[in-house]
Amino acid sequence: MNVVTIDCPHCGGRLERRKDEYFAKCPYCGSEIAFDEIKEEAQLGAYREKIDTLEHNENVDTVKRLSMQKWILARNIVFSVMAVFNCIGFLLVGLDKDKEESPLITIGSLLMFLVILCWMFGMPFLSAAYPGYNALYRKDERFGKVRMWLKLCVLSFAVFVASAFIAYIIMKIVM
Ligand SMILES: [Zn+2]
């Protein structure tokens, strides 16, 4: 209903007014209050409401943004660890080609295996643990979640390929 509660400008008593009314009679002091006086009061109320809404939205946005930043930081740390492990893994396996049954090959393979484990299980676990991940995609988008997931897969794969390529370049320089 279009009812606003305002204070009577004469006695301060609370009274209700419908928004399409031009005059109101105060039930406490009996004075007739013209529309304009009430309009100012009503507008003040509306502004206060608007400010409250804005402040609330800003708080929600800040929480959301912090949560997203946390997720991206966690993701980047895992990506970095994956890249370093993968690079070292490739280097150990690649540089030790001639020697059979070298412990370096075992360590290198283990590192690469860890990267694959991290990719397959670490990322889904991490994205589930951080609410910021869910805040990144738009709820109204139909395939938002699928797209987010694909993006994460592609990014992980890019990290994998890039670190392997860096290992390859280092090998070319060293050998
Ligand atoms: Zn009054």
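Read along the sequence, the protein follows the pattern β-β-β-β-α-α-α-α, and it contains four helices and four strands. Helices (H or I, at least four residues) and strands (E, at least two) are DSSP runs, numbered from the N terminus. The structure is a predicted model, in which local features need pLDDT of at least 70 and side-chain atom pairs count only at pLDDT 80 or more, while totals for chains, interfaces and linings use all residues. Residues are numbered from 1 along each chain as its sequence is written.

The pLDDT, the predictor's confidence in each residue on a scale from 0 to 100, averages 81 over the protein, and 90% of the residues score at least 70. Among the elements, helix H3 (residues 131–136) has the lowest mean pLDDT, at 72, and H4 has the highest, at 86.

**The hairpin**

Strand S1 (residues 3–7) and strand S2 (residues 14–18) run antiparallel and are joined by five bridges; two strands count as paired if DSSP finds at least two bridges between them. Within this pairing, valine 4 stands opposite arginine 17 in S2, and aspartate 7 stands opposite arginine 14 in S2. The two strands form a hairpin with six residues between them, and glycine 12 in the turn has a positive phi of about 85 degrees.

**Helices H2 and H4**

Helix H2 (residues 103–129) packs with H4 at an angle of about 150 degrees, their axes lying 11 Å apart. Axes here are lines fitted to C-alpha atoms, for helices over the stretch in contact, and angles run from 0 to 180 degrees between N-to-C directions. H2 passes H4 in a right-handed crossing; a crossing is left-handed if the near helix is turned anticlockwise from the far one by less than a right angle, and right-handed if clockwise.

On the H2 side, Val115, Trp119, Met123 and Ser127 meet Leu152, Ser156 and Phe160 in H4, where contact means that the C-beta atoms of two residues, placed from the backbone, lie within 7 Å. The residues of this contact divide into five nonpolar, two polar and no charged. In this division Ala, Val, Leu, Ile, Met, Phe, Trp, Tyr, Cys and Pro count as nonpolar, Asp, Glu, Lys and Arg as charged, and the others, Gly among them, as polar.

**Burial and distant neighbours**

Of the 175 residues of the protein, 14% count as buried. A residue is buried if 20 or more other C-beta atoms lie within 10 Å of its own, exposed if 12 or fewer, and partly exposed in between, with C-beta atoms placed from the backbone. Serine 127, found in helix H2, counts as partly exposed because it has 19 C-beta neighbours inside 10 Å. Leucine 155, found in helix H4, is partly exposed because 13 other C-beta atoms lie within 10 Å. Isoleucine 166, also placed in H4 (residues 144–174), counts as partly exposed because it has 16 C-beta neighbours inside 10 Å.

Each of these residues has a partner distant along the chain, listed here with C-alpha separations.

| Residue | Partner | Separation in sequence | C-alpha distance |
|---|---|---|---|
| Serine 127 | Arginine 75 | 52 residues | 8.2 Å |
| Leucine 155 | Phenylalanine 79 | 76 residues | 8.8 Å |
| Isoleucine 166 | Isoleucine 88 | 78 residues | 9.8 Å |

Not counting residues up to four places away in sequence, serine 127 touches Tyr133 and Leu152. For the protein as a whole, among contacts between residues at least 6 apart in sequence, 50% join residues at least 24 apart.
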